[in-house]
Amino acid sequence: MLGDWYHHMKITKWKAEVSLFALFAAGSVAMFLAAMRLPKAYNPSDPGSALFPELIATGLLMISAVICIQCFRARSVQEQVEITRPMKVALLLVTTLIYVASMNATGYLLSTGLWAAVSAVALGFRRIWPVLLIVGFFLLLGKYLFEGILGVPLP
Amino acid sequence: MDIIVSCFSAVGHVLTSVTILFVLLGGILGYIGGAIPGISASIALGLLVPLTFGINPNLAIPMLVSVYMGAEYAGSIPAILINAPGTPGAVATAFDGNRMAKNGQAGLALLFSISASAIGSLISTLLLIITAAYVANVALAFGPAEFFWVAMLGLSLVSILGSTHRLRSLLAALLGLGVAMIGIDPITGMGRFTFMPQLLSGIPLLPVLIGLFAFSEALEMVGTPDRALSSGKAAVIEGRYFPPFDKLFRIWPTLLKGSVIGYIIGAIPGAGTTIASFVSYAEAKRASKDPDSFGKGNYEGVAASECANNAAVAGVIGPLLALGIPGSASAAILIGALKLYGLQPGPLLFQNNPTMPYIIFASLLLGVPILFAIGVLGARLWARVVLIPRDLLAVVVIGLSVVGSYASNNDMFSVWVMLLFGVIGYVFRKLDVPLAPLVLAMVLGSMAETNFRRAEIIGHDQISYLVASPMSVSLMLLTGIMLLLPFLGPILRRIVPKLRGRVASQHDVE
């Protein structure tokens, strides 16, 4: 069971779509309420900074609702969203989040080096030394390119 | 006279060894990007824009243009060799190109694609030079009302064309508009939806683009089996390898038509290279004496598709330079790059920085022989690039995305924005929500709002000011038609047969 989930993950499409577009609808309501609190313009001819956000929020709400209804009506089709190798996707995402969160504290060289090596091994590269050599080469190249040539300081 | 002076000045600037070197480097990087399935022109551009920070814009912009061209040229390589188009514009190339490769003519198919790409680029660049300055001159007379309608037309075209999921496209465009509203209000100067100080300058465009296109694609790569590797090897290029000029000369009408089709369709925001190549392919098949041979390894099919998708590159650059409208995600990235250098695309670019548009034209022309040479000389190498493992590529793309986003603004906030939009992009890809309208709306949102409010202030709150000129009315009508098109289509399909039935029954009675 776990083995199958490790290789393939299937989500019922209409449920995923209804969830996403309901989220959009909720977001558009929040946007509309936030736009209502925006201050009025000084110039009486200026329609104000709230007009466009309010129009956009209204459009978002209407279209989200229509798509939600469309997806719900089409639920009998039983279409599925397939994610191959979901564990690897999740692993890469989590390691990247940790990498970005730690970058300021540990610096570019250490955090990027560790992340790249761990990710490469986690994705299935078994020969460690070539991975370390390639990662090391690209790290130093990146450091030299950004800080040495382009003058962009890295953390 | 000014145009001629600017042209000569630009040619003089571009024909230096340093610029040629940068165009060559951009071409090679674009080829690598385009030759790898999954790395489209927009991803290659998004990843490479941060690498041009600190470089003189007169060198950086030609390099980025060359990356764009190179990626479109090379998109046909994996399409021909492993039937996996490197860019969306090369889908139609695979129909005949891959069949030619299976028949042992991989080298010939690649040569046809590279030669047709060069011809398409050349013809469309000439069309661009003729038309862009004229359109920009016309647009110089535009006021806020006209610019508002130009932005609305761009938004409506982007949402309607190039996607089968039109409502979802509209939704993505509205989301992009919503994101564009964050930051300092362009008229009052007050903060809007600025819940944290970093949001005062708005959501940075480049990290959004890198996240939506590069990061989400990297996640997609990890979640997709390696077709090239699992199928063993790509088709091998053997034997004589020289451009087949005699056969190309025989199909010159197809090449000419493909170039014009590509240029025109490329200039329509949202239509892009994919539609251009399909239309050109269909036209070549229709006009052919042997249409049944299409899809079975006809070199004319390869040439028609490649000629059009490369011609579309110059077509996309036309409205970008003349009106400031990005017709595709790649064009949006180019706009982002120009803005990073303090250059505002649009008619004023021709007035304030008259050399820059012509530098772009000259680099497009210079790119033609350079990219042709890169393609012909390096064909065997590009065939190897196709086989790079996708997992390794994903790690490289994510690494570049993180460092590139950081470098774009020198802060970690940009990296978090990139990650957020990367995840949004991944979810959108899985649920068939197109990404391009979101990006284009982000670029056009500010243009639409600022010009609408300026028009209202100038017109003293009279909405009629927005339709005061014939140009405004024309643009408004076009926008209305474009927005109503998806809803009118099904209604017309229902009504027309009923009307026909009634007319027929009346005839019967008579």
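## A walk through chains A and B

Select B:Phe193 to begin; this residue lies in the loop of chain B between strand S2 (191-192) and helix H10 (205-222). The model you have open is a predicted one. Is B:Phe193 buried or exposed? With a relative accessibility of 9%, B:Phe193 counts as buried, because the cut-off for that class is under 20%. Check the backbone while you are here: phi of B:Phe193 is near 55 degrees, a positive value in a residue other than glycine.

**Second stop: the end of H21**

Now pick B:Lys430, in helix H21 (residues 412-430) of chain B. B:Lys430 counts as buried, at 17% relative accessibility. Which residues does B:Lys430 touch, leaving out those up to four places away in sequence? Show chain A as well, and you will find A:Lys13, A:Val81, A:Glu82 and A:Ile83, together with B:Glu220 from chain B.

Move on to B:Asp432, in the loop of chain B between H21 and helix H22 (436-458). Here is another positive phi in a residue other than glycine, with a value near 60 degrees. B:Asp432 counts as partly exposed, at 28% relative accessibility.

**Third stop: A:Pro153**

Switch to chain A and select A:Pro153, in the segment after helix H6 (128-149) of that chain. The relative accessibility of A:Pro153 is 46%, so this proline counts as partly exposed. Not counting residues up to four places away in sequence, A:Pro153 touches A:Glu147 in its own chain and B:Tyr406 and B:Asn410 in chain B. For a distance to try in your viewer, take the C-alpha atoms of A:Pro153 and A:Lys143: these residues are ten apart along the chain, and the two atoms are separated by 8.7 Å.

**Fourth stop: two surface patches**

Return to chain B, turn on the surface and select B:Phe249, B:Trp252, B:Leu256, B:Val260, B:Ile264 and B:Ile268. Together they form a nonpolar patch with about 590 Å² of accessible area. Which helix gives the most to the nonpolar patch? That is helix H13 (residues 252-267) of chain B, with four residues; B:Trp252 is found in H13.

For a patch of another kind, select B:Arg99, B:Lys102, B:Lys285 and B:Lys296, which form a positive patch on the surface. Finish on B:Lys102, in helix H6 (residues 91-102) of chain B. B:Lys102 has a relative accessible area of 62% and is therefore exposed, the cut-off being over 50%.

Definitions and conventions. Residues are numbered from 1 along each chain as its sequence is written. Chains are lettered from A and ligands numbered from 1 in the order in which they are written. This is a predicted model: local features need pLDDT of at least 70, side-chain atom pairs count only at pLDDT 80 or more; totals for chains, interfaces and linings use all residues. Side-chain values use heavy atoms; hydrogens and water are left out. Patches are made of residues with over 30% relative accessible area and no salt bridge: like charges are joined within 9 Å, nonpolar side chains (Val, Leu, Ile, Met, Phe, Trp, Tyr) within 5 Å. Accessible areas come from the Shrake-Rupley method with a 1.4 Å probe; for residues, only the protein chains shown count as cover. A salt bridge is a side-chain nitrogen of Lys or Arg within 4 Å of a carboxyl oxygen of Asp or Glu. Lys and Arg count as positive and Asp and Glu as negative; His and the chain ends are not counted. The place of a charge is taken as NZ of Lys, CZ of Arg, CG of Asp or CD of Glu. Helices (H or I, at least four residues) and strands (E, at least two) are DSSP runs, numbered from the N terminus. Buried means under 20% relative accessible area, exposed over 50%, partly exposed in between (1.4 Å probe, protein chains only). Contact means heavy atoms within 4.5 Å.
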